[in-house]
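Colleague: Please take a close look at the charged pairs in this model, and then follow the account into whichever neighbouring features help to place them. I would rather have one connected answer than a list.

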Amino acid sequence: GIEEVIVTAEKRPEAVRKISGSVSAVTGAQLEALGAQDMSDYLTRTPGVVFNAQTPGNSTVVLRGISTTTGIDQGQGTTGYFIDDVPLTDPSYSIATPDIDTFDVDNVVVLRGPQGTLFGSSSLGGAVNYQAAKPDLENFGMHLQGSIESTAHGDIGGSGKVMVNVPIVTDTFAVRGVYVYRDIAGFIDNIGTGQKDANRTLIRGGRIEATWKPAPNTTVNYLFLDQTEDTRDLGYAEPALAGRYAKTTLIPETANFGTKIHNLRLDQDFGFATLTATATYHQKTQDTLVDQTAVFGGFFPGASLVTVGQPAKSTGTTYEVRLASSSGDRFEYVVGVYYDNTKEKVTNIGAGAGITNSIEAVYGPIFGAGIGALAAPNNVWLDAYIPADGREEAAFGEFTYHFSDEWKATLGGRLFDERLNSETKASGFYVLATGGAGLTTDTFGKQKASGFNPKGSITWTPSDDFMAYGLVSKGYRFGGPNVTPSTPADPVPA
């Protein structure tokens with residue numbers, strides 16, 4: 001038989017081949033047959049997708065070439081990331097890009113955009129949506145997977161993964177648990193620290209999902225997900241300084257990323273339509289440390305080490321309520337309301353060894369005695385705190401009418417309102433050296449916007465083997481105030 005893949009690209013269960021849009025779906029069975037574990041294993045096989053591989057947990061995905069950079073955008077990104085339709089994209093600077101392990105997922109769908117009508121902000125280029133496998137209410141099940149992998153010019157790695165499905169009350173209540181441990185071997189030697197294969201990454205975590213069906217037409221689902229990606233030393237090479245597969249830094253440049261989700265979902269089938277209500281708490285964390293001695297060491301003669309650390313965290317709540325008609329009716333629709341409030345806290349800490357004494361010796365004659373302790377207390381030459389608070393509210397809908405078995409038309413749109421408050425509070429020698437009036441600066445900005453994103457399509461399906469459609473859609477993303485101070489030499493618009 002031919003497997004029919006059911007996805008939620010239109011915020012209701014629908015077969016991929018019936019969607020009037022550019023959608024690529026990979027099932028859990030296909031992912032396992034490929035040996036796929038992370039984004040790079042399947043997105044690189046998907047048309048119209050560019051995967052910019054960086055540190056695990058902080059890579060970027062570009063759909064249809066719509067992006068502002070090949071790295072991490074300083075504003076909201078142009079690709080949306082979702083798990084069970086829950087957004088994992090920040091309104092401002094990306095804290096992390098969750099790369100959920102594909103073990104025991106139902107499917108992963110790439111929706112080439114814009115997808116602004118149903119998926120909201122950040123989906124200008126499109127969206128990547130994971131659908132976790134739901135608990136089986138009838139059958140006990142267990143799935144084990146292990147691997148050993150050898151990396152060219154590097155070390156040995158491997159993984160161990162387990163899924164257990166337990167029906168607590170048959171046909172009524174079941175729990176499904178997944179745990180993943182993956183050791184990605186390193187292949188970059190750090191000459192400075194003496195560590196071979198330094199860029200090893202550990203991916204750990206999993207999810208617990210519980211499904212309760214108190215009545216035939218009522219389903220309550222709870223999802224908890226927690227995954228971390230910890231890299232021992234950033235994996236870039238410096239061929240001119242250290243060799244083809246080597247780098248040289250004074251310390252290991254660590255990078256740690258985490259994703260945590262609590263999601264509660266209610267599906268109530270009324271027969272003529274299904275009401276879905278979701279409430280989600282989402283959290284992402286980042287903690288990176290980079291050796292900047294080669295970049296900034298010249299400003300601090302005599303200092304033996306200069307580093308920049310960036311601990312960051314984003315937390316938010318997302319709520320969505322929607323009503324979706326059954327598929328296959330002559331008139332189909334999905335209407336809903338959406339709310340998200342996400343707060344980000346990004347900190348940049350510039351520190352080192354011997355910096356306070358260096359500033360005092362070199363810059364004391366210019367700025368006066370005691371400048372070292374004032375501009376770099378405890379050897380901290382930059383202390384920057386950059387909070388951001390983003391809020392998005394929306395009402396959305398799509399309506400499809402089947403004129404016949406061959407022709408259908410869809411009209412829809414999203415009415416949205418978004419606002420972002422951002423601030424930069426910085427202190428230390430860096431502020432003084434970059435033209436600040438003193439040792440501290442505090443710049444605050446607000447940005448807000450509202451609008452309507454339309455969508456329309458007409459589709460001709462003369463047979464099960466052929467579909468032609470014309471589609472017009474629009475997307476949007478958060479803007480944001482520029483919190484870099486403006487100077488006459490370097491004017492910055494607000």
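Modeller: There are 23 salt bridges in the structure, which is a predicted model, and three of these pairs can be taken in turn with the burial of their partners. In one of them, the side chains of arginine 12 and glutamate 10 meet at 4.0 Å from N to O. Arginine 12 is buried because its relative accessible area is 5%, under the 20% cut-off, and glutamate 10, at 12% relative accessibility, likewise counts as buried. A second pair joins the side chains of glutamate 320 and arginine 322 at 2.5 Å, again N to O; here glutamate 320 is buried at 6% relative accessibility, and arginine 322 is buried with a relative accessible area of 4%. The third pair, aspartate 417 with arginine 419, is a salt bridge of 3.2 Å from N to O. Aspartate 417 is partly exposed because its relative accessible area is 23%, which lies between the cut-offs of 20% and 50%, and arginine 419 is also partly exposed, at 31%. Salt bridges with shared partners link Glu10, Arg12, Glu14 and Glu332 into one network, so that the pair of arginine 12 and glutamate 10 described above has its place within that network.

From the charged pairs I turn to helix 5, which covers residues 355-367 and spans only 16 Å between its end C-alpha atoms, whereas a straight helix of 13 residues would span 18 Å at 1.5 Å a residue. Helix 5 also has a bend of about 40° at alanine 361, with a proline, proline 365, following within four residues. Its buried residues are Ile355, Thr356, Ser358, Ile359, Tyr363 and Gly364. In an α-helix there are 3.6 residues a turn, so residues three or four places apart point the same way. The buried residues of helix 5 pack against two strands, strand 19 (305-325) and strand 20 (331-353), and against two helices, helix 6 (371-375) and helix 7 (429-433). Just after helix 5, the backbone at glycine 368 takes a positive phi of about 105°.

At the surface, a nonpolar patch of about 800 Å² is made by Phe331, Phe399, Tyr401, Phe403, Trp407, Ile458, Trp460 and Phe466. Strand 21 (382-402) and strand 23 (440-463) are the elements that give two or more residues to the nonpolar patch. Tyrosine 401 is one of the members of the patch, and its place is in strand 21; with a relative accessibility of 37%, tyrosine 401 counts as partly exposed.

Valine 180, by contrast, is buried, with a relative accessible area of 4%, and lies in strand 12, which covers residues 173-184. Leaving aside its neighbours within four places in sequence, valine 180 is in contact with Asp101, Phe103, Gly160, Lys161, Ile203, Arg204 and Gly205. As for its distance from another part of the chain, the C-alpha atoms of valine 180 and phenylalanine 396 are separated by 36 Å, the two residues being 216 residues apart along the chain.

How values were computed
Residues numbered from 1 in each chain as written. Predicted model: local features only at pLDDT ≥ 70, side-chain atom pairs only at ≥ 80, totals over all residues. Heavy atoms only, no water. Patch = residues over 30% accessible without salt bridge, like charges linked within 9 Å, V, L, I, M, F, W, Y side chains within 5 Å. Areas by Shrake-Rupley, 256 points an atom, 1.4 Å probe, with all protein chains shown as cover. Buried < 20%, exposed > 50% of the residue type's maximum accessible area, 1.4 Å probe, protein only. Expected span 1.5 Å × (residues − 1). Bend = angle between axes of the 7 residues up to and from the residue. Contact = heavy atoms within 4.5 Å.
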